[in-house]
Amino acid sequence: MSSLFLLLAVLIAGPASMLEFRYHSNSEMEQYLLQINASNPEVTHLYSIGQSVKGQQLWVLALGLSPRRHTVGIPEFKYVANMHGNEVLGRVLLLQLINDLVRGYRDNETWSLQLLNSTRIHILPTMNPDGFDEAGTHCQYSQGRFNYNGVDLNRNFPDAFAGLRRQQQLREEKREAEVRAVIGWLRTESFVLSANLHGGALVASYPYDNSNKDSELVDGASVTPDNDVFVHLARVYSHSHASMHRGDRCDDSMPFLEGITNGYQWYPLSGGMQDYNYVWAQCLELTLEVSCCKFPPVRELPALWADNKKALLAFMQQVHLGVKGRVFDASGVPVQNAVVEVKGRRNMCPFRTDQHGEYYRLLLPGKYSFTVTYPGHEVLTETLNVPYGPDNYSAMKHDFLLRRVSADPTQSNLPHANLTPADPTPADPTPADPTPTCKHSLQAEAAGSGSRPTWTRFWMGLWFAVVLRSVTE
């Protein structure tokens, strides 16, 4: 009976207000996530996107006013850390971020309420728990970088440039378990903005990481169609950080102007996660190198959290850049896989509406020409004046209403006549089957709403009872 009372006390009181500054083991981190989820069910939802090679769960905590499922008009944001097992500060930062967001919500603090009211935030504190278990503590050179199979996870994603050059099939079954889990995750959530936390340098790196040495290569950088947005996003993090923007804070690293860099210009890599996010999942992702030392001493953790906290919050707010809305067919039904293109931004894989008929385009303030294409409907072109949304925690909202094509066969404005080389096949109104290089369809049910292993309140309560009984006996 005493165990039951202790369990109730934990659930009522919630987690300790102060999360310790130290490196928590994978099991300790799991216990913390379970506890904070059980104590704050109204704004948190814990789910797993899969397992590591050794069978450890890849836990994600979703935070927001509707944490279990997507809400139309609310953008999806994610942070991922510890992709390289020996780059460990990101784990600490994301646990502290979770703690602060929940504490701010419970204390009715405006900054937390604004973020959680306007954004669904997903946090994966470790993508490589097996590597972390083996990690050494040397600042630069230590074991643990790779997963249990000895593979660098940031070289294991399908590569956009190799795919476009050789029409390479993705062959996902041959990729590492952790990579397959993330690819599946990207298919179940329509992420808009993301960052991947690394260590060993102090810089915000943006796509592309690779190149065909074709038209995307400009002055040594591999430039995306959304380069202006990526540079802005990198600057937001760098200039919100205590010292990253100075660009020369690490003794054994090259200087970076404003603390930002194009990934390819820094060093080319194939199979990186940020390029995969952008090309296949239409999610803009940065790689954030958040500490000169890959495994900083424990005594430095409070100061490193203070250095990064403002930047982590400011970057999340940028998910509200640009325009968002839905595409409706002539009957007023929202449609999936309508192509939503912005003039002058020829993405390798065109941005398409998701299963809710939604689109999100991160854009800086300005005037933009949008073209919307959907089978059986006239091509729609509209010009929008886009304001700066992050200050108001909302992108500009604009819906596109389509009209059916005329029966007149002489008309030339049919969707099929307006396909660009980047989109050689018509948009499919059912779950998509785009070209082999752009094959990335959203599943009907999101990961955070139960399509993958989740911990319900019942099982969490049972878990707590077992743990607490073992402690008290």
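**View 1. Thr261 is buried, because its relative accessibility is only 9% (buried: under 20% relative accessible area; exposed: over 50%; partly exposed: in between; 1.4 Å probe, protein chains only).** The model is predicted: local features need pLDDT of at least 70, side-chain atom pairs need pLDDT 80 or more, and totals for chains, interfaces and linings use all residues. Numbering runs from 1 along each chain as its sequence is written, and side-chain values use heavy atoms, without hydrogens or water. Thr261 sits in strand β9 (helices are DSSP H or I runs of at least four residues, strands E runs of at least two, numbered from the N terminus). Leaving out neighbours within four places in sequence, Thr261 has contacts (heavy atoms within 4.5 Å) with Val203, Ala204, Ser205, Tyr206, Phe256 and Trp266.

**View 2. An open, mixed sheet of 8 strands runs in the order β1-β2-β4-β3-β5-β10-β6-β9 (strands pair if DSSP finds at least two bridges between them).** The edges are β1 (44-51) and β9 (260-262). Each has a single partner strand, so one side of each lacks a neighbour in the sheet. From one strand to the next, the twist averages 20 degrees (axes are lines fitted to C-alpha atoms, for helices over the stretch in contact; angles run from 0 to 180 degrees between N-to-C directions).

**View 3. Strands β6 and β10 pair inside this sheet, and helices α8 and α11 pack on the sheet.** β6 covers residues 201-206 and β10 covers residues 284-291. Their pairing is antiparallel, over 5 bridges. Ala201 has Ser291 of β10 as its bridge partner. Helix α8 (residues 227-240) touches β5 (191-198), β6, β9 and β10. The directions of α8 and β10 make about 30 degrees. Helix α11 (residues 301-317) touches β3 (76-81), β4 (120-124), β5 and β10. The directions of α11 and β3 make about 145 degrees.

**View 4. Aromatic rings: 16 pairs occur in the structure (Phe, Tyr and six-membered Trp rings, centres within 6.5 Å; planes under 30 degrees apart are stacked, over 60 edge-to-face, the rest tilted).** Tyr237 and Phe315 pair edge-to-face, at 6.5 Å centre to centre and 75 degrees between the planes. This pair joins distant parts of the chain: Tyr237 belongs to helix α8 and Phe315 to helix α11, 78 residues apart. Both Tyr237 and Phe315 are buried. Trp266 and Tyr267 also pair edge-to-face, at 5.0 Å centre to centre and 70 degrees between the planes. Tyr267 is partly exposed, because its relative accessibility is 34%. One aromatic cluster takes in Phe77, Tyr79, Tyr237 and Phe315.

**View 5. Arg91 and Arg361 each place a charged end over a Phe ring (Lys NZ or Arg CZ within 6 Å of the ring centre and within 35 degrees of the ring normal).** Arg91 sits over Phe132, 3.5 Å from the ring centre. Arg361 sits over Phe351, 3.9 Å from the ring centre.

**View 6. An open sheet of 3 strands has the order β12-β14-β15, with antiparallel pairing.** Strands β12 (339-342) and β15 (380-386) are the edges, and each pairs on one side only. Neighbouring strands of this sheet are turned by 25 degrees on average, direction ignored. β12 and β14 (residues 366-373) share 4 antiparallel bridges. Glu341 has Thr371 of β14 as its bridge partner.

**View 7. Helix α4 (residues 110-118) has Ser112, Leu113, Leu115, Leu116 and Ser118 buried.** The cover over the buried residues of α4 includes β2 (57-63), α3 (89-106), β4 and α11. Gln317 lies in α11. Gln317 is buried, because its relative accessible area is 18%. Apart from residues up to four places away in sequence, Gln317 touches Leu115, Pro390, Asp391 and Tyr393.

**View 8. The whole chain gives the setting for the close-ups, with 12 helices and 17 strands.** Of its 473 residues, 59% are buried. Among contacts with a separation of 6 or more, 76% join residues 24 or more positions apart.
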